[in-house]
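Here are my notes on this model, written for someone opening it for the first time. Have the structure up beside you and follow the points in order.

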Amino acid sequence: MRVVREWTARGKEFVRQRRDPVAVQTTRSAAAATVAYVIALRLSPEAAPLTAPLTALLVVQVTLYSTLTTGFRRVNAVVAGVVVAILFSLLVGLTWWSLGLLILASLIVGRIVRVHEFVPEVAISAMLVLGVTSVGDMAWARILETVIGAVVGLSFNLILVPPVWVEEAGESIEGLARRVRQLMLRLGEQAAARTPHHEAAARLHEARRLDHDISEVDADLRQAEDSLRFNPRVREGLLNRIVLRTGLDTLEICTVVLRVLARTLTDLAREREPGPLFQPETGALVEQLLSEISDAVVSFAVLVTSSVSESAESAEDRLSAELRQAATTRDRLARLLLEDVRADSRQWQLHGALLAEADRILDEMDTEHRSHRLMEELDRHTREQRERLPRITRTRDRLRVPGLPRRNRRGGFGRSQ
């Protein structure tokens, strides 16, 4: 049995590595560049048509959506640069001052034709074309090679549809939730003990560093959102994107409130040092409340990343139970804090802030609140799509098959792959 488990673990690791975005990007880019070069050798008059593999290398991206968008923009950038170079070669030729004007004009044209991140490519293409002797032949050859590379790059992701990167995004969201949980548990231990001010300040710095974690998770989520666009493997791409995005938004709000909570405890530690932050019974209840909230944070992350509806229902039931328990503990803590303030009114505002911060986190993760937020986002996206593409929307509505089952609006994220 041990050997079987080891081979199973190795098999899962092998599959995970094969689906790794870096490995997939490297393999697909190398293959597309090679195919583009072979085709360009037959069609281009150049002896070494390296523009074709270069274009294919830059066009092929991890997701189909980014391939389509960047591919068209890159072709547009190269063609614009070639046209600018042809005009300059006919008028002034290549001199030090014409080169400067060429670069300036290319960058301006790049902004006008809206190639976005490929604005420098307009100037690069123009300089390369202007620097050759036979400008006309080189210009048309470069355009041909660019088109070959772009077509090959686009074809790779149209024929070999890229994977959906939602599993990686889900793991990132759950990882963030578990880091939030660990910090909450340490804050709870700090509240129940005689904590020096410098230790409380260290927890505050940990809470501030969560901002960096959120930016990394957001990058993974953007890749997952792009992988859902125009992907034939996904039936409910819009719903799936909204479920994950609103889930991350909620976790981000929770981390902001957690940072404020850490600041509240740090201020309280400074004011109460060398004494304890709370009375023993109150401190123990603060620790219990933060522990229950931290469990709910992880359950919320599991809910928004659940793979099937059954898992989502189970995660929602667990989250609801944990939120009810945390709310009960919060009410008990409020009564104890009120008694403590009556006995000692110093820093009473910090006690109230502690309760307000706990209420904010509990409210953000409330299932009814989340359902309302999801419906608002779905309505907003649908309304924007109808306004932007009215004909396509009407055609899609007419072709939609009636009677298809719909996912629970509070459900998790369906990984349709």
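1. Let's begin at Leu-333. Leaving out residues up to four places away in sequence, Leu-333 touches Thr-282, Leu-285, Val-286, Leu-289 and Leu-355 (a contact means heavy atoms within 4.5 Å). Leu-333 sits in helix α12, residues 309-343; helices here are DSSP runs of H or I with at least four residues, strands are runs of E with at least two, and both are numbered from the N terminus. With a relative accessibility of 0%, Leu-333 counts as buried. The cut-offs are under 20% relative accessible area for buried, over 50% for exposed, and partly exposed in between, using a 1.4 Å probe and protein chains only. One of its contacts, Leu-285, is 48 residues away in sequence, yet the two C-alpha atoms are 6.2 Å apart.

2. A word on what you are looking at. This is a predicted model, where local features need pLDDT of at least 70 and side-chain atom pairs count only at pLDDT 80 or more, while totals for chains, interfaces and linings use all residues. Residues are numbered from 1 along each chain as its sequence is written, and side-chain values use heavy atoms, with hydrogens and water left out.

3. Now the overall picture. The chain has 15 helices and 0 strands. It runs to 417 residues, of which 46% count as buried. Take the contacts between residues at least 6 apart in sequence: 79% of them join residues at least 24 apart. About 21800 Å² of the chain is exposed, and carbon and sulfur atoms supply 58% of that; accessible areas come from the Shrake-Rupley method with a 1.4 Å probe, and for residues only the protein chains shown count as cover.

4. How do α4 and α5 pack? Their axes come within 10 Å and cross at roughly 145°. (Axes are lines fitted to C-alpha atoms, for helices over the stretch in contact, with angles from 0 to 180 degrees between N-to-C directions.) From α4, the contact uses Ala-80, Val-84, Ala-85 and Phe-88, and from α5, Ser-98, Leu-101, Leu-102, Ala-105, Ser-106 and Val-109.

5. Stay with these helices for a surface feature. A nonpolar patch is formed by Leu-90, Leu-91, Val-92, Trp-96, Trp-97, Leu-101, Leu-104, Ile-108 and Ile-112, with about 1100 Å² of accessible area together. The elements giving two or more residues to it are α4 (64-91) and α5 (96-112), and α5 has the largest share, 6 residues. Patch residues have over 30% relative accessible area and no salt bridge; like charges are joined within 9 Å, and nonpolar side chains (Val, Leu, Ile, Met, Phe, Trp, Tyr) within 5 Å. Leu-90, in helix α4, is exposed, at 66% relative accessible area.

6. Next, the loop between α5 and α6. Most residues other than glycine have a negative phi. Arg-114 is found in this loop and has a positive phi of about 60°. His-116 lies there too, with a positive phi near 60°. Arg-114 is also exposed, since its relative accessible area is 63%.

7. How many salt bridges does a search of the whole structure find? There are 14, a salt bridge being a side-chain nitrogen of Lys or Arg within 4 Å of a carboxyl oxygen of Asp or Glu. Arg-73 and Glu-117 make one of them, at 2.9 Å from N to O. That pair links distant parts of the chain, with Arg-73 in helix α4 and Glu-117 in the loop between α5 and α6 (119-130), 44 residues apart. Glu-117 is partly exposed, at 44% relative accessibility.

8. Other salt bridges sit within a helix. Arg-203 and Glu-206 meet at 2.6 Å, N to O; they are 3 residues apart in helix α9 (residues 197-228), so about one helical turn separates them. Both are buried, and they are linked with Arg-186 in a network of salt bridges. In helix α8 (residues 166-191), Arg-178 and Glu-174 are 4 residues apart, which also means about one helical turn. Their closest N and O atoms are 3.4 Å apart, and Arg-178 is partly exposed, at 41% relative accessibility.
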